[in-house]
Amino acid sequence: MKLLYLLLPVTAGFQIFFQTSNPTQLRALSNLDNAESSKWSQDFTSSDAYSKTHAIFSSMRDYLVASQDPKGSRSIAPLHAKGLCDLKFSTKDLEHAVNTDFLDAGQGTTKMNQGWKMRPVGEIRGSSFDDARLTFSDIQSSIQMGTVIFNSAGAHIGTTVAPATLAAVDALNGCVGGVCCNIYVTRGGAPTSAPPHTDKQDVVVIQTQGKKHWRVFSPPDPGLKPDADPFARGKADDDFPLHVLKAQGGELLLDVVLEEGDVLYIPARFPHTTDTVDSGPTEDDWSIHMTFGLDNHVWDLDFLSLRRFGLMKSGVDDVLLGSDGSNDVTANYCVGKVNELDSGAVRQFQKSGQEVLNGHRDMYLAAMEESERRAQTGEIIGSGSMTQEKIDRLSLFRVPKFFEKFNAAKTELRVWATNSGGGGGGGEENTIPDDWETSWPLQVGDQVEAELGGAFFPGSIENVHANGLYDVTFFDGDKEMGLGRNSIILKVKPVVQIETAGGAASGGGVEKKLTKKELKRLEKENKKKDKAGGWR
């Protein structure tokens, strides 16, 4: 199968048309009698349970491709379609997932004059394995205070969520580097379940239980707050209440209540806010939806990165960098003729995209295989004493190795860009960008300073999420979940180890990242995999 090579820019800054009621657009999400999707569902799940999910994302791919301008911009709009999906994930399913694995969850919180932040759900009650696990009672208690969020749920929950996310990855067919599925759980009657905010990735929302009220707005004028990241408005310390959104030019585009089976598409940079005022007669009526993030920007697989790294590789000054050498956030929608870059840059991005894509497929397949194994041999938890073999199979330990590979691919892409290949000299200073403290990809265990309550304190990276956020453990044991990269300062300067002809590594200092030899080994491993779909 010949697949389309496509880098979707994380932008909606060119020729935006808000045609949410246009029948042609809605028809793009309604052709679900798809033989290819039915075959996929049978091949991977031995049932038709995920045929419609696959068909929805196949239609989404067609819509995204049709919206793409040859010069890199796109004409895009939010979409809402009712009753298209038969995907089910209920409170009972969530309870089973929590009780049979070692999951973690966060909770969205807001403070006065600050944006949306995350805090952990549950607490360690003792030294035993069970004392450290998240319980369903923790969720029941926390949900009264705000929405409970399970990040990267597709990688952790092998039933329903993993196959649905794999269906999205394969149906998008190389259109994105990866897909991440989060689960959001909100009590009924919540006046605000998510305050106004923007995301770095396009998202597809599928309501699986109850109802949720969504309002989607046009992007605000970035010139009114030029220092704000347009893809992270309303997060961290960016105060972005509804009246500020409207004052900065955000216009209401969609005002809908999602019910079970409804599908909503929101492009990156489009602000949105939710509530569950009309979700049910009591607080016990939980609203559950899955959000599928179409991740390109997270892994540097967008037009801006292609432009930036291509220029960097060629030794050309980037006029879109700020005066202090940092990225100008407004450059996110200054795309230009990126397709005219040197073909070597395009090939390198294809290679990195293929590695990330293969890794996502393997991650979801591993979750599905583990689910099938438990169905045949019994659950890990509650079936006798915990052995090391059982512990290694828990998602808490199974999933991080995949994200290490994603970050390795991202690191290799940056290493490629910062090595101009001029031969001789240069050394470490020529391979590490000047803004490494705030731009270099982070990994678990990295020593950092992270923001907490308006000040920066020493800590280390505890977890790397697929959506580009990080969990940090501070020096005194406190934790902060879901921090953005702009809230974290890397303390140890990375060193890119370059293999010499004799096999020795040049460069000094602390070896913190993979050597080129190790990166090539990862590349060879990925090339051995004969997987469907891919970047072309």
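Let me start with one term: a residue is buried when its relative accessible area is under 20%. Thr 160 has 16% relative accessibility, so Thr 160 counts as buried. Keep that cut-off in mind. One caution as well: this is a predicted model.

Now the overview. The protein has 536 residues, and 55% of them count as buried. It holds 16 helices and 19 strands. The exposed surface comes to about 22500 Å², and carbon and sulfur atoms supply 50% of that. What about contacts along the chain? Take those between residues at least 6 apart in sequence. Of these, 78% join residues at least 24 apart.

Next, the sheets. Strands of a sheet pair through backbone hydrogen bonds, either parallel or antiparallel. Here is one open sheet. It has 4 strands, in the order 6-11-8-9, with antiparallel pairing. Which strands sit at the edges? They are strand 6, residues 194-197, and strand 9, residues 252-258; each pairs on one side only. From one strand to the next, the twist averages 15°. Look at the strand 6 end. Strand 6 and strand 11, residues 272-275, run antiparallel and are joined by 2 bridges. There, His 197 stands opposite His 272.

Move to strand 10, residues 263-266. Val 263 and Tyr 265 point one way, while Leu 264 and Ile 266 point the other way. Are these four buried or exposed? All are buried. Strand 10 has antiparallel pairing with strand 1, residues 79-81, over 3 bridges. In that pairing, Leu 79 stands opposite Tyr 265. Strand 10 also pairs with strand 7, residues 202-209, again in the antiparallel sense, and here over 4 bridges. Ile 206 has Val 263 as its bridge partner in strand 10.

Strand 2 is next, at residues 106-110. It is mostly covered, with 4 of its 5 residues buried. It runs antiparallel to strand 3, residues 116-120, and 5 bridges join the two. One partner to find on screen: Thr 110 bridges to Trp 116 in strand 3. Strand 2 also runs antiparallel to strand 4, residues 148-150, with 2 bridges between them. Gln 107 stands opposite Val 148 there.

Now some single residues. Start with Leu 294, in strand 12, residues 287-295. Its relative accessibility is 5%, so Leu 294 counts as buried. What does Leu 294 touch, leaving aside its neighbours within four places in sequence? The contacts are Phe 57, Leu 64, Leu 172, Val 176, Gly 178, Val 179, Gln 201 and Asp 202. Leu 294 and Ala 168 are 126 residues apart along the chain, yet their C-alpha atoms are separated by 9.2 Å.

Asp 170 offers a similar exercise. Find it in helix 8. Asp 170 is buried, because its relative accessible area is 9%. Its C-alpha atom and that of Leu 357 are separated by 9.4 Å, with the two positions 187 residues apart along the chain.

Then the backbone. Most residues other than glycine have a negative phi. Two residues here have a positive one. Thr 160 has a phi near 65°. You met Thr 160 at the start; its place is the loop between helix 7, residues 153-156, and helix 8, residues 161-172. Asp 300 has a phi near 60°. Asp 300 lies in the loop between strand 12 and helix 10, residues 303-314. With a relative accessible area of 7%, Asp 300 is buried too.

Last stop, a pocket. Rolling a probe the size of a water molecule over the atoms shows where empty space is left. The second largest pocket holds about 950 Å³ of space. Which residues are closest to its centre? Of the 38 that line it, they are Asp 104, Leu 396, Glu 462, Asn 463 and Asp 471. Four elements each supply at least two lining residues: helix 13 (395-398), helix 14 (400-418), strand 14 (455-464) and strand 16 (479-483). Helix 14 gives the largest share, 7 residues.

To close, three places to find on screen. Find strand 10, with its four buried residues. Find Leu 294 in strand 12. Then find helix 14 in the lining of the second largest pocket.

Definitions and conventions. Residues numbered from 1 in each chain as written. Predicted model: local features only at pLDDT ≥ 70, side-chain atom pairs only at ≥ 80, totals over all residues. Heavy atoms only, no water. Pairing = 2+ DSSP bridges. Axes fitted to C-alpha atoms, helices over the stretch in contact; angles between N-to-C directions. Buried < 20%, exposed > 50% of the residue type's maximum accessible area, 1.4 Å probe, protein only. Contact = heavy atoms within 4.5 Å. Areas by Shrake-Rupley, 256 points an atom, 1.4 Å probe, with all protein chains shown as cover. 1 Å grid on protein atoms, 1.4 Å probe; cavity = no way out; pocket = protein on both sides within 12 Å on 5 of 7 lines; lining within 4 Å. Points joined across faces, edges and corners; volume = space filled by probe spheres on them.
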